[in-house]
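Please open the model in your viewer and keep the sequence panel beside it. The stops below each begin with a selection and then describe what is found there.

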Amino acid sequence: LNIINDILDFSKIEAGKMDIDPHDFNLYNCVEEVLDVFATKAAQLDLELMCKIDHRLPAQMVADSMRLRQVLINLVGNAMKFTQKGEVFLGVSLLDQQNGQDVEVGFEIRDTGIGIPSEKLSKLFGAFSQVDSSTTRKYGGTGLGLAISERLVRLMGGHITVSSQLGTGTIFKFSIRCKLNPQEKQDLNAINMAAVKNRKILVVEDNTVNREILELQLKHWKLQPVVVPSAIQAMQYLEKDKSVDLLISDLQMPKMDGIQLSTLVKHANPQLPIILLSSLGNDIKKKHPGLFTDIVCKPVKQKHLSQSILRAFQQQRGEPDQAPEFLLKKDFSMAHPLHILVAEDNQMNQLLILKILERLGYTPALATNGREVVQMLDKDPYDLILMDVQMPEMDGLEATRYIRKNYAVQPVIIAMTANAMVGDREECSRAGMDNYISKPLKLEALITLLQELAHRPKD
């Protein structure tokens, strides 16, 4: 059906029978609805799908929104198709405005995909043309999509260009001419954020472009954003600055994800509202009741984010929700006493595991490689060693084998590793490790483990 529709559209264009139907529409809604088409696929592929709309653009325009949507779906769809990892970005900007009525709107679709050889770029907008024959076999398609898009853009008074670097990604840019509706008095995109003006918001997002988009949006609403790229930096900032009014955190981040960060933050400051940005849907809030004031689905829509921010501050002023029983309690170590040594060479991982154990009331020791573990065990008999598998000088497996062979009093040794295959577990077991937890650490799994070990009979 898609092939037939493409051929019919192309035939109409070539015959001069394709008509443009200008009408009043909401530009912001049109762009965000296009991204909705691809949001689920982006989450499945673990791609960042992002959108940035120029705040100078009015919401209501007069143009053919159906043909604009067709071009955007074609270009964003191509970007998704040819991108295995990284990001797909859609930017919308005001290029020109004349007489207060005629507006030129620019669109940029940027990806981090396979790219296109420079000698092939001239063929892209030709009918039934693809980069090479293997493209059709691997990715499908008719080779008509870009030809149709190029002609539709021309019919809407604009032009389209492409630039690319093989192996790095591709950028499509196009423009269209629009008119403003002189009878449209109300700015439908205006969002009244005056009630929360000047509030300080800490944003945690590992993607550079997303950080920039969120920072500009919050500044546009007269808020005071502080943006950091990692959960560890967010915790460090919160410890030195107590004036933060709201935390906005991405869910999927390396080393420590948004749920782990929020649990630590809520333990230290139960009243701080937290908004989670997630491409995985709203089920997270049900699994972690009381942890988040709201979940905003990615790609983030301005309207949804503004509503979540306003709700967060309204809840803060009103009756607080019933506080959940957080897992991190200082008296945990009293009920489950253990003398713990952490063996970890990565600084970010060190900060995370030490912070969790300290919040549970423990005073853990730290070793950065297997040799240090052995040296420290000579001086102090530890009950438990949380042992990273991959460390310099002497790795965790080698250190475990040495300990099992040479010490009369044996500690419990738990492997910590990002590898999660059955073979990796068996290798840890053969080395003499008692159990296994995967990284990034899950709080519930670690706490359950500590409870069991603290009351394990001394052998």
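## The whole chain

Begin with the full chain of 459 residues, of which 51% count as buried. What you have on screen is a predicted model, and its secondary structure consists of 16 helices and 17 strands. If you display contacts between residues with a separation of 6 or more, those that join residues 24 or more positions apart account for 71% of them.

Next, colour the chain by confidence: the mean pLDDT is 85, and 86% of the residues reach 70 or more. Select residues 319-325, where the pLDDT is below 50 and where the model shows 4 contacts beyond near neighbours in sequence. Where pLDDT is low, the predicted coordinates should not be read in detail.

## Helix H3

Now select residues 65-81, which form helix H3; its 17 residues reach 24 Å from the first C-alpha to the last, close to the 24 Å expected at 1.5 Å a residue. At the start of H3, show the side chain of Asp64, one oxygen of which comes to within 3.2 Å of the backbone nitrogen of Met66. Then colour the helix by burial, and you will find that its buried residues include Leu68, Val71, Leu72, Leu75 and Val76, and also polar or charged ones such as Ser65, Arg67 and Asn78.

## The nonpolar cores

Which residues touch the most other members of the largest nonpolar core? Select Leu202, Leu261, Ile340, Leu384, Leu386 and Leu450, which hold that position within a core of 51 residues. Helix H16, residues 443-454, supplies the largest share of this core, with 7 residues.

Centre the view on Leu386 and, leaving aside its neighbours within four places in sequence, list its contacts: Ile340, Leu341, Val342, Ala343, Ile353, Leu357, Ile414, Met416, Ile437 and Leu446. Apart from this core lies another, of 50 residues, and to find it you can select Leu49, Leu90, Val92 and Phe174, which are among its members.

## Aromatic pairs

The chain has 3 aromatic pairs, and two of them are visited here. Select Phe107 and Phe174, whose ring centres are 4.7 Å apart and whose planes meet at 10°, so the pair is stacked. Because Phe107 belongs to strand S5 (residues 102-111) and Phe174 to strand S7 (residues 169-179), the pair ties together parts that are 67 residues apart in sequence. Phe107 is buried, with a relative accessible area of 2%, and Phe174 is buried as well, at 3%.

Move on to Tyr402 and Tyr407, an edge-to-face pair with 6.4 Å from centre to centre and 70° between the planes. Tyr402 is partly exposed, with a relative accessible area of 38%, whereas Tyr407, at 17%, counts as buried.

## His288

For the last stop, select His288, which is found in the loop between helix H9 (283-287) and strand S12 (294-297). Is His288 buried or exposed? With a relative accessible area of 18%, His288 is buried, because the cut-off for that class is under 20%. Not counting residues up to four places away in sequence, His288 touches Ile259 and Glu444. Finally, draw a distance from His288 to Thr263, C-alpha to C-alpha: the two are 25 residues apart in sequence and 9.4 Å apart in space.

Definitions and conventions
Residues numbered from 1 in each chain as written. Predicted model: local features only at pLDDT ≥ 70, side-chain atom pairs only at ≥ 80, totals over all residues. Heavy atoms only, no water. Helix = DSSP H or I, 4+ residues; strand = E, 2+ residues; numbered from the N terminus. Expected span 1.5 Å × (residues − 1). Buried < 20%, exposed > 50% of the residue type's maximum accessible area, 1.4 Å probe, protein only. Polar contact = N/O pair within 3.5 Å; in protein donor to acceptor, adjacent residues only side chain to side chain. pLDDT = per-residue confidence, 0-100. Contact = heavy atoms within 4.5 Å. Core = buried A, V, L, I, M, F, W, Y, C linked by side-chain atoms within 4.5 Å. Phe/Tyr/Trp six-rings, centres within 6.5 Å; stacked < 30°, edge-to-face > 60°.
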